[in-house]
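Please open the model in your viewer, with selection by residue number at hand, and follow the stops below in order.

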Amino acid sequence: MYIYNAWLPPPVAEETKKEKESFSRVISSLKDLYRSDDPDSVYSNLKWISVIDLFIKAKSDISLDDVVSVVEFGLELFHKSQSKLYVQVRWGNILVRLLNKHRKKLFLKAQWRPLYDIHTHFTRKTGPEGWRLRHRHFGMVTSLVQSCRRFFPAGSASEIWSEFRSLLENPWHNATFEGAGFVRLFLPTNAENQDFFSE
C-alpha cells in the first residue's frame, strides 16, 4: 500500500490491496479488445488509457510485470497506428508517464529504429491533421524517445552513431544541425551501451 493511502480508514485501506488484481484485469481487457487484422481496432483501446491514468494518479501498488506488459503492448499499438496521430498522442503520453514513473525498476527492451521511422515528423511528410495535433504529436514523440532510450538494447549506440555520422562530417553544412539533433535525441547512455562510450 502506498504511503498516501495510509491515512485511509482500515476497511478502505484493505480494499486498496486489490488494486494490483484490478490493474491486471484492465491489461487483459485491453489486450482482448485489440484485433491485429483490423487496423481500426486501435481506437477501441483508447477508453482504457484514462483508466491506466487513474492507477498512475492514485499511486496504486501495481505489478511491474503488468507495467512491462502494458508498455510493450502500448508500444506495439503505437507503431501499428502510424497514420492515426490522435491514437499515437494518447498512447505515447501514457507510455511516457509509465516509463518515467517506473524507469528504475523496469526490465524491458525497446528498439530505437521504429521510433526513428515515425514518418510524420522525421521525413517531413505533411497530412490533413491540424497544427495543434501535429505539435502535440511532435512533443510526445520527442518525450517518448527520451523515455525509451534508457531501454535501448546493447549495440544501439553504435547503430545510431552509424546512422547519423555522415550528417556530422561537414560542420559547415546545414545537415550537421539535423545530425546533431538526432544524435542528441536518440543516443542512449544506459549500462548496456557503455562499451560504445569507452571507445
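Begin with a surface of the whole protein chain, which exposes about 11,600 Å², with carbon and sulfur atoms supplying 54% of that area. This is a predicted model, and colouring it by confidence is a useful second step: the average pLDDT of the protein chain is 85, and 90% of the residues score at least 70. Select helix H7 (residues 119-122) to see where confidence is lowest, at a mean of 57, and then H5, where it is highest, at 94. Where pLDDT is low, the predicted coordinates should not be read in detail.

Switch now to a cartoon of the protein chain, in which you will find 11 helices and zero strands. Taken along the principal axes, the C-alpha atoms fill a box of roughly 70 × 45 × 30 Å. If you colour by burial, 43% of the 199 residues count as buried. A contact map is worth drawing at this point, since among contacts with a separation of 6 or more, residues 24 or more positions apart account for 74%.

**The nonpolar core**

Which residues touch the most other members of the largest nonpolar core? Select Ile52, Val71, Trp91, Leu115, Leu144 and Phe186, which hold that place among the 52 residues of the core. The elements that give two or more residues to this core are H2, H3, helix H4 (64-80), helix H5 (85-102), helix H6 (113-116), helix H8 (131-148), helix H9 (156-164) and H10. In soluble globular proteins, nonpolar side chains tend to be buried together.

From that set, keep tryptophan 91 and display its surroundings: leaving aside neighbours within four places in sequence, tryptophan 91 is in contact with Leu30, Asn45, Leu46, Ile49, Ile52, Gly74 and Leu77.

**Valine 89 in helix H5**

Next select valine 89, which lies in helix H5 and is buried, with a relative accessible area of 1%. Apart from neighbours within four places in sequence, valine 89 is in contact with Leu133, Arg136, His137 and Met140. A distance label between the C-alpha atoms of valine 89 and arginine 136 should read 7.0 Å, although the two residues are 47 residues apart along the chain.

**Aromatic pairs**

Show the aromatic rings next; a search of the whole structure finds 11 aromatic pairs. For phenylalanine 23 and phenylalanine 55, the ring centres are 5.0 Å apart and the planes stand at 70°, so this pair is edge-to-face. Phenylalanine 23 belongs to helix H2 and phenylalanine 55 to helix H3, so the pair ties together parts that are 32 residues apart in sequence. Both positions can be checked for burial: phenylalanine 23 counts as buried at 0% relative accessibility, and phenylalanine 55 is buried with a relative accessible area of 11%.

Compare this with the pair formed by phenylalanine 182 and phenylalanine 186, whose ring centres are 6.3 Å apart and whose planes lie at 45°, so the pair is tilted. These two residues are four residues apart in helix H10 and are thus separated by about one helical turn. Phenylalanine 182 and phenylalanine 186 are buried, and together with Trp112, Tyr116 and Phe164 they form one aromatic cluster.

**Helix H10**

Stay with helix H10 (residues 175-186) and select all of its 12 residues; from the first C-alpha to the last, the helix reaches 16 Å, close to the 16 Å expected at 1.5 Å a residue. Which residues of H10 are buried? They are Ala175, Thr176, Gly179, Phe182, Val183, Leu185 and Phe186. Alanine 175 counts as buried at 16% relative accessibility, because the cut-off for that class is under 20%. For a sense of span, draw a line from alanine 175 to serine 29: the two are 146 residues apart in sequence and 46 Å apart in space, C-alpha to C-alpha.

**Two polar stops**

Select threonine 16 in the loop between helix H1 (10-15) and helix H2 (19-33). Threonine 16 is buried, with a relative accessible area of 12%, and its C-alpha atom is separated by 8.4 Å from that of aspartate 61, 45 residues apart along the chain.

Finish at aspartate 53 in helix H3 (residues 47-57). Is aspartate 53 buried or exposed? Aspartate 53 is buried, at a relative accessible area of 15%, and its contacts, leaving aside neighbours within four places in sequence, are with Ile94 and Arg97.

Note on methods
Residues are numbered from 1 along each chain as its sequence is written. This is a predicted model: local features need pLDDT of at least 70, side-chain atom pairs count only at pLDDT 80 or more; totals for chains, interfaces and linings use all residues. Side-chain values use heavy atoms; hydrogens and water are left out. The expected span of a helix is 1.5 Å times one less than its number of residues. Buried means under 20% relative accessible area, exposed over 50%, partly exposed in between (1.4 Å probe, protein chains only). Contact means heavy atoms within 4.5 Å. A nonpolar core is a set of buried Ala, Val, Leu, Ile, Met, Phe, Trp, Tyr and Cys residues joined through side-chain atoms within 4.5 Å. Rings of Phe, Tyr and Trp (its six-membered ring) pair if their centres lie within 6.5 Å; planes under 30 degrees apart count as stacked, over 60 as edge-to-face and the rest as tilted. Accessible areas come from the Shrake-Rupley method with a 1.4 Å probe; for residues, only the protein chains shown count as cover. pLDDT is the predictor's confidence in each residue, from 0 to 100.
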